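Got a model to pick apart, and wondering how its cysteines, helices and core fit together? Here's a quick Q&A to go with it.

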Amino acid sequence: MAGLPDDIRDACATLFDVRPLETAMRSLVGSRPSHKEMIEEALRNPALKDRPELAAGLWLYVDDLERSHAISQGIDSATGSFWHGIMHRREGDFSNSRYWMRRAAGHPLLEVLQPDALVDAVALSNGRNLPELVERQRAEWKAVFEWCAGGK
(Lines give C-alpha, C1' and ligand atoms only; values in the text may rest on other atoms or scores of the structure.)
Protein backbone atom coordinates (compact mmCIF):
# COMPACT_ATOMS: atom_id res chain seq x y z
CA MET A 1 0.00 0.00 0.00
CA ALA A 2 1.59 3.14 -1.24
CA GLY A 3 0.23 5.37 1.53
CA LEU A 4 2.11 3.58 4.30
CA PRO A 5 5.50 4.52 5.72
CA ASP A 6 8.20 2.14 4.50
CA ASP A 7 8.73 0.41 7.86
CA ILE A 8 5.02 -0.36 8.29
CA ARG A 9 4.66 -1.49 4.67
CA ASP A 10 7.70 -3.75 5.06
CA ALA A 11 6.36 -5.24 8.30
CA CYS A 12 3.08 -6.11 6.56
CA ALA A 13 4.51 -7.03 3.14
CA THR A 14 4.07 -10.80 3.42
CA LEU A 15 0.45 -10.45 4.52
CA PHE A 16 -0.37 -7.90 1.82
CA ASP A 17 1.31 -10.09 -0.83
CA VAL A 18 -0.66 -13.17 0.21
CA ARG A 19 -3.92 -11.30 0.86
CA PRO A 20 -4.02 -8.06 -1.16
CA LEU A 21 -6.57 -5.48 -0.08
CA GLU A 22 -8.71 -6.30 -3.13
CA THR A 23 -9.29 -9.80 -1.69
CA ALA A 24 -9.43 -8.98 2.03
CA MET A 25 -12.53 -8.45 4.16
CA ARG A 26 -14.92 -10.09 1.69
CA SER A 27 -17.80 -10.27 4.15
CA LEU A 28 -19.59 -7.25 5.51
CA VAL A 29 -20.82 -9.19 8.52
CA GLY A 30 -19.27 -12.24 10.07
CA SER A 31 -15.89 -13.61 10.92
CA ARG A 32 -13.85 -16.35 9.28
CA PRO A 33 -10.33 -15.55 10.52
CA SER A 34 -7.43 -16.43 8.28
CA HIS A 35 -3.69 -15.77 8.14
CA LYS A 36 -3.52 -15.36 11.92
CA GLU A 37 0.09 -16.54 12.03
CA MET A 38 1.08 -13.81 9.56
CA ILE A 39 -0.42 -11.17 11.84
CA GLU A 40 1.33 -12.62 14.87
CA GLU A 41 4.61 -12.54 12.95
CA ALA A 42 4.05 -8.99 11.69
CA LEU A 43 3.23 -7.75 15.19
CA ARG A 44 6.66 -8.91 16.38
CA ASN A 45 8.24 -6.42 13.98
CA PRO A 46 9.59 -3.34 15.82
CA ALA A 47 7.64 -1.05 13.47
CA LEU A 48 4.35 -2.50 14.78
CA LYS A 49 5.37 -3.20 18.36
CA ASP A 50 3.46 -1.07 20.86
CA ARG A 51 1.09 0.20 18.13
CA PRO A 52 -2.31 -1.15 19.25
CA GLU A 53 -4.18 0.94 16.66
CA LEU A 54 -2.35 -0.89 13.89
CA ALA A 55 -2.81 -4.26 15.59
CA ALA A 56 -6.58 -3.72 15.89
CA GLY A 57 -6.71 -2.90 12.18
CA LEU A 58 -4.61 -5.86 11.14
CA TRP A 59 -6.84 -8.29 13.02
CA LEU A 60 -9.86 -6.79 11.21
CA TYR A 61 -8.01 -7.23 7.92
CA VAL A 62 -7.91 -11.00 8.47
CA ASP A 63 -11.45 -11.14 9.87
CA ASP A 64 -10.44 -11.93 13.44
CA LEU A 65 -13.09 -9.76 15.07
CA GLU A 66 -12.47 -11.15 18.56
CA ARG A 67 -8.81 -10.18 18.62
CA SER A 68 -9.52 -6.80 17.07
CA HIS A 69 -12.21 -6.21 19.70
CA ALA A 70 -9.91 -7.17 22.56
CA ILE A 71 -7.39 -4.58 21.39
CA SER A 72 -9.68 -1.76 20.25
CA GLN A 73 -11.69 -1.71 23.46
CA GLY A 74 -8.44 -0.99 25.31
CA ILE A 75 -7.50 2.02 23.16
CA ASP A 76 -8.87 5.08 24.93
CA SER A 77 -8.99 7.48 21.99
CA ALA A 78 -11.17 8.48 19.07
CA THR A 79 -9.12 6.10 16.91
CA GLY A 80 -9.73 3.18 19.28
CA SER A 81 -13.44 4.01 19.22
CA PHE A 82 -13.37 4.15 15.41
CA TRP A 83 -11.84 0.66 15.15
CA HIS A 84 -14.24 -0.55 17.85
CA GLY A 85 -17.19 0.78 15.86
CA ILE A 86 -15.96 -0.87 12.66
CA MET A 87 -15.54 -4.17 14.49
CA HIS A 88 -19.12 -4.06 15.86
CA ARG A 89 -20.47 -3.25 12.39
CA ARG A 90 -18.60 -6.26 11.03
CA GLU A 91 -20.11 -8.52 13.68
CA GLY A 92 -23.58 -7.21 12.84
CA ASP A 93 -24.15 -5.28 16.08
CA PHE A 94 -25.22 -2.08 14.36
CA SER A 95 -26.51 -0.18 17.39
CA ASN A 96 -23.25 -0.83 19.25
CA SER A 97 -21.32 0.23 16.13
CA ARG A 98 -23.20 3.55 16.07
CA TYR A 99 -22.46 4.03 19.79
CA TRP A 100 -18.71 3.62 19.23
CA MET A 101 -18.78 5.88 16.19
CA ARG A 102 -20.33 8.59 18.39
CA ARG A 103 -17.46 8.03 20.83
CA ALA A 104 -15.06 8.58 17.93
CA ALA A 105 -16.37 12.15 17.61
CA GLY A 106 -13.64 14.52 16.54
CA HIS A 107 -11.65 11.92 14.61
CA PRO A 108 -10.49 13.66 11.42
CA LEU A 109 -11.60 10.77 9.17
CA LEU A 110 -15.22 10.65 10.34
CA GLU A 111 -16.46 13.39 8.06
CA VAL A 112 -14.65 12.01 5.03
CA LEU A 113 -15.54 8.33 5.52
CA GLN A 114 -19.05 8.78 6.97
CA PRO A 115 -19.02 5.50 8.90
CA ASP A 116 -22.59 5.95 10.16
CA ALA A 117 -23.84 5.90 6.56
CA LEU A 118 -21.87 2.70 5.98
CA VAL A 119 -23.36 1.13 9.12
CA ASP A 120 -26.85 1.99 7.82
CA ALA A 121 -26.10 0.63 4.34
CA VAL A 122 -24.69 -2.64 5.71
CA ALA A 123 -27.70 -3.03 8.00
CA LEU A 124 -30.03 -2.53 5.03
CA SER A 125 -28.10 -5.05 2.91
CA ASN A 126 -29.63 -7.87 4.98
CA GLY A 127 -26.50 -10.02 4.98
CA ARG A 128 -25.73 -9.63 1.28
CA ASN A 129 -22.11 -8.78 0.51
CA LEU A 130 -22.89 -6.10 -2.02
CA PRO A 131 -19.71 -5.34 -3.99
CA GLU A 132 -20.01 -1.57 -3.60
CA LEU A 133 -20.29 -1.91 0.18
CA VAL A 134 -17.39 -4.36 0.37
CA GLU A 135 -15.31 -1.80 -1.55
CA ARG A 136 -16.36 0.97 0.85
CA GLN A 137 -15.39 -1.30 3.76
CA ARG A 138 -11.95 -1.84 2.24
CA ALA A 139 -11.49 1.86 1.49
CA GLU A 140 -12.47 2.71 5.06
CA TRP A 141 -10.03 0.16 6.48
CA LYS A 142 -7.23 1.47 4.25
CA ALA A 143 -7.85 5.09 5.22
CA VAL A 144 -7.94 4.37 8.96
CA PHE A 145 -4.93 2.04 8.83
CA GLU A 146 -2.85 4.54 6.85
CA TRP A 147 -3.89 7.32 9.20
CA CYS A 148 -2.81 5.22 12.21
CA ALA A 149 0.50 4.40 10.50
CA GLY A 150 1.22 8.07 10.00
CA GLY A 151 0.99 7.82 6.24
CA LYS A 152 -2.04 10.11 6.19
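Q: Is C148 buried or exposed?
A: Keep in mind that this is a predicted model. C148 has a relative accessibility of 10%. Buried means under 20%, so C148 counts as buried.

Q: How many disulfides does the structure hold?
A: A disulfide needs two cysteine sulfur atoms within 2.5 Å. For C148, the closest cysteine sulfur sits in C12, 12 Å away, so that's too far for a bond. C12 is itself buried, at 1% relative accessible area. The disulfide count is zero.

Q: How are α6 and α8 oriented, roughly parallel or roughly antiparallel?
A: The axes of α6 (residues 94-103) and α8 (residues 115-124) come within 10 Å and cross at roughly 175°. Angles over 145 degrees fall in the antiparallel class, so α6 and α8 are roughly antiparallel.

Q: Which residues of α6 meet α8?
A: On the α8 side, the contact involves P115, D116, V119, D120, V122 and A123. By class, the α6 and α8 contact has six nonpolar, one polar and three charged residues. The α6 residues involved are F94, S97, R98 and M101.

Q: Which helix gives the largest share of the largest nonpolar core?
A: That core has 36 residues, with I8, F16, Y61, F82, W83, W141 and F145 making the most contacts inside it. Helices α1, α2, α3, α5, α7 and α9 each supply at least two of its residues. The largest share, six residues, comes from α3.

Methods. Residues numbered from 1 in each chain as written. Predicted model: local features only at pLDDT ≥ 70, side-chain atom pairs only at ≥ 80, totals over all residues. Heavy atoms only, no water. Axes fitted to C-alpha atoms, helices over the stretch in contact; angles between N-to-C directions. Helix = DSSP H or I, 4+ residues; strand = E, 2+ residues; numbered from the N terminus. Parallel < 35°, antiparallel > 145°, perpendicular 65-115°, else oblique. Contact = heavy atoms within 4.5 Å. Nonpolar A, V, L, I, M, F, W, Y, C, P; charged D, E, K, R; others polar. Core = buried A, V, L, I, M, F, W, Y, C linked by side-chain atoms within 4.5 Å. Buried < 20%, exposed > 50% of the residue type's maximum accessible area, 1.4 Å probe, protein only.
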